[in-house]
Amino acid sequence: MAELCRPQNTIAILQKYNFVFQKKYGQNFLIEPRVLEKIIRAADITKEDMVLEIGPGIGSMTQYLCESAKKVFAVEIDKNLIPILKNDTLADYDNVTIIQEDILKMNIGELVEKENNGRPIKIVANLPYYITTPIIMTIFENNVPVENVTVMVQKEVADRMQTGPGTKDYGALSLAVQYYAKPEIVANVPPNCFIPRPNISSAVIRLTRHKKCPVCVEDEKMMFRIIRAAFNQRRKTLQNSICNAQDLSFTKLQIVEVLQKMDLLLTVRGETLSLEQFAEFTNFLIENR
Ligand code: SAM
C-alpha cells in the first residue's frame, strides 16, 4: 500500500485536484503513518468488522481501514473530496462505500441495522473538533450498536473524557462518556502530524462501550440533568446547584435528607462525586420526593 498519509503523497493529491481546505469543516489531514497505525491497532479491527469512518478527508486512514476490515462506510460532508476518494485514493477497494453526507444528519443506527444486521460496528475518526461532543453523545444516547469508538480529538477533550473526581478537567462530559464506555487515551498527537497544522494538541482516545451499565440508575435523564446542574455552578455546593436549577424541582429539605443518607457533608460540591455517587444521589432523590 502506497502510504497516502506521507506528506509528499498527500500534497501531490491535494495539488492534483486543486483542493482548497475548508476551515469550517475542521480539515486537518493526518500525515504521520505511525499515528494511523496506532489508531487501527487501538480500534482492534478484524476482517469480520464493519467500520464507520467519519470524515475520511482524502482517504489516508480509509485505505488502512479497507485493508483491515470486512467493509467500510466513509461519511464525508465535503463534496470536493468525493471525486478524490471515488476516482483516485479508494478506487482500488471494493469493500468501501463512500457517502456524501453530514454525519450529524445521518441515522447511524439504521445504517448498522441494514448493513450489519444490527451487529455492533466499530467507529473510527479523526474528528473535526466542532462535532466531537455531539457525535459521540448521539452515538451513545441513541444506543447505536457499537463495540468501540476510536477517535482523534482535542487533547483537552480527551483528558476531560478520561478523568475522575477531584481534577479540574472532571465534568459533565467525563460522567456522560464514562456512563456509556470505558475511555483510554492511546496516543498523544502533536500539531506537526497534520496538514495544515492545528494550533492545539490532539489525542487518540478509545471508548469501549460497556456491555452492562456500570451503575444502576432509575431515571437516566434525571441523573444527567442533576449532573449538568452540579457542574453549571461548579463552585457552588451541590445542594445549592440542584436547588437553583430551573429544570429540577427538589426542595432544600429533600436534598439535605439525601446528602445525610449518603453520609456526605452538606457543603459537598458536585465535582467531588463519582458516577456511582451521582447515580445513588439521583435514586435517593426520586425515592424521597
Ligand atoms: N480522516 C482524514 C485524516 O485523518 O486525514 C481527515 C480528518 S479531518 C480532521 C476531518 C474530516 O471530516 C474532513 O474531511 C471534513 O471535511 C470532514 N467533516 C467535517 N464535518 C463533517 C460532518 N459533519 N460530517 C461528515 N464529515 C465531516
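This briefing describes the ligand site, the pocket and cavity, and two backbone features of the structure above. The model is predicted. Its ligand sits in the largest pocket, and 21 residues surround the ligand. Apart from that pocket, the description covers one cavity of 30 Å³ or more, a cis peptide bond before Pro-196 and a positive phi at Asn-117.

**Ligand surroundings**

- Gly-55, Glu-76, Asp-102, Asn-126 and Tyr-130 come nearest to the ligand among the 21 residues around it.
- The shell around the ligand comprises ten nonpolar, six polar and five charged residues.
- Strand S1, residues 29-30, contributes at least two residues to this shell, and strand S3, residues 71-76, likewise contributes at least two.

**Polar contacts and burial of the ligand**

- Asp-102 has a side-chain N or O atom 2.8 Å from a nitrogen atom of the ligand.
- The side chain of Asn-126 places an N or O atom 2.9 Å from an oxygen atom of the ligand.
- At Gly-57 the backbone is involved: one of its N or O atoms lies 3.3 Å from a ligand oxygen atom.
- On its own the ligand has 590 Å² of accessible area, and the protein covers 99% of this.

**The largest pocket**

- The pocket that holds the ligand has a volume of about 360 Å³.
- Its lining consists of 28 residues, and those nearest the pocket centre are Gly-55, Pro-56, Gly-57, Glu-76 and Asn-126.
- Gly-55, Glu-76 and Asn-126 are thus named both among the residues nearest the ligand and among those nearest the pocket centre.
- Four elements each supply at least two lining residues: S1, strand S2 (50-54), helix H3 (60-68) and S3.
- S1 and S3 also each provide at least two residues of the ligand shell.
- By class, the pocket lining divides into 16 nonpolar, eight polar and four charged residues.

**The cavity**

- The count of cavities of 30 Å³ or more comes to one, and the largest cavity holds about 40 Å³ of space.
- The residues that line the largest cavity are Gly-26, Asn-28, Asn-126, Leu-127, Pro-128, Tyr-129 and Phe-194.
- This cavity lining has four nonpolar and three polar residues, with no charged residues.
- Asn-126 lines the largest cavity, and its side chain also has an N or O atom 2.9 Å from a ligand oxygen atom.

**Backbone features in loops**

- The peptide bond from Ile-195 to Pro-196 is cis, and its omega is near -15°.
- Pro-196 belongs to the loop between strand S8 (194-195) and strand S9 (202-209).
- Asn-117 is not a glycine, yet its phi is positive, at about 50°.
- The loop that contains Asn-117 lies between helix H5 (108-116) and strand S5 (121-126).

Terms used. Residues are numbered from 1 along each chain as its sequence is written. This is a predicted model: local features need pLDDT of at least 70, side-chain atom pairs count only at pLDDT 80 or more; totals for chains, interfaces and linings use all residues. Side-chain values use heavy atoms; hydrogens and water are left out. A residue is near a molecule or strand if one of its heavy atoms lies within 4 Å of it. A polar contact is a pair of N or O atoms within 3.5 Å; within protein, one must be able to donate a hydrogen and the other to accept it, and residues adjacent in sequence count only if both atoms are side-chain atoms. Accessible areas come from the Shrake-Rupley method with a 1.4 Å probe; for residues, only the protein chains shown count as cover. On a 1 Å grid over the protein atoms alone, a cavity is a set of points where a 1.4 Å probe fits but cannot get out, and a pocket is an open set with protein on both sides within 12 Å along at least five of seven lines; lining residues have an atom within 4 Å of a point. A molecule sits in a cavity or pocket if more than half of its atoms lie within 2 Å of its grid points. Ala, Val, Leu, Ile, Met, Phe, Trp, Tyr, Cys and Pro count as nonpolar, Asp, Glu, Lys and Arg as charged, and the others, Gly among them, as polar. Grid points are joined across faces, edges and corners, and a volume is the space filled by probe spheres set on the points.
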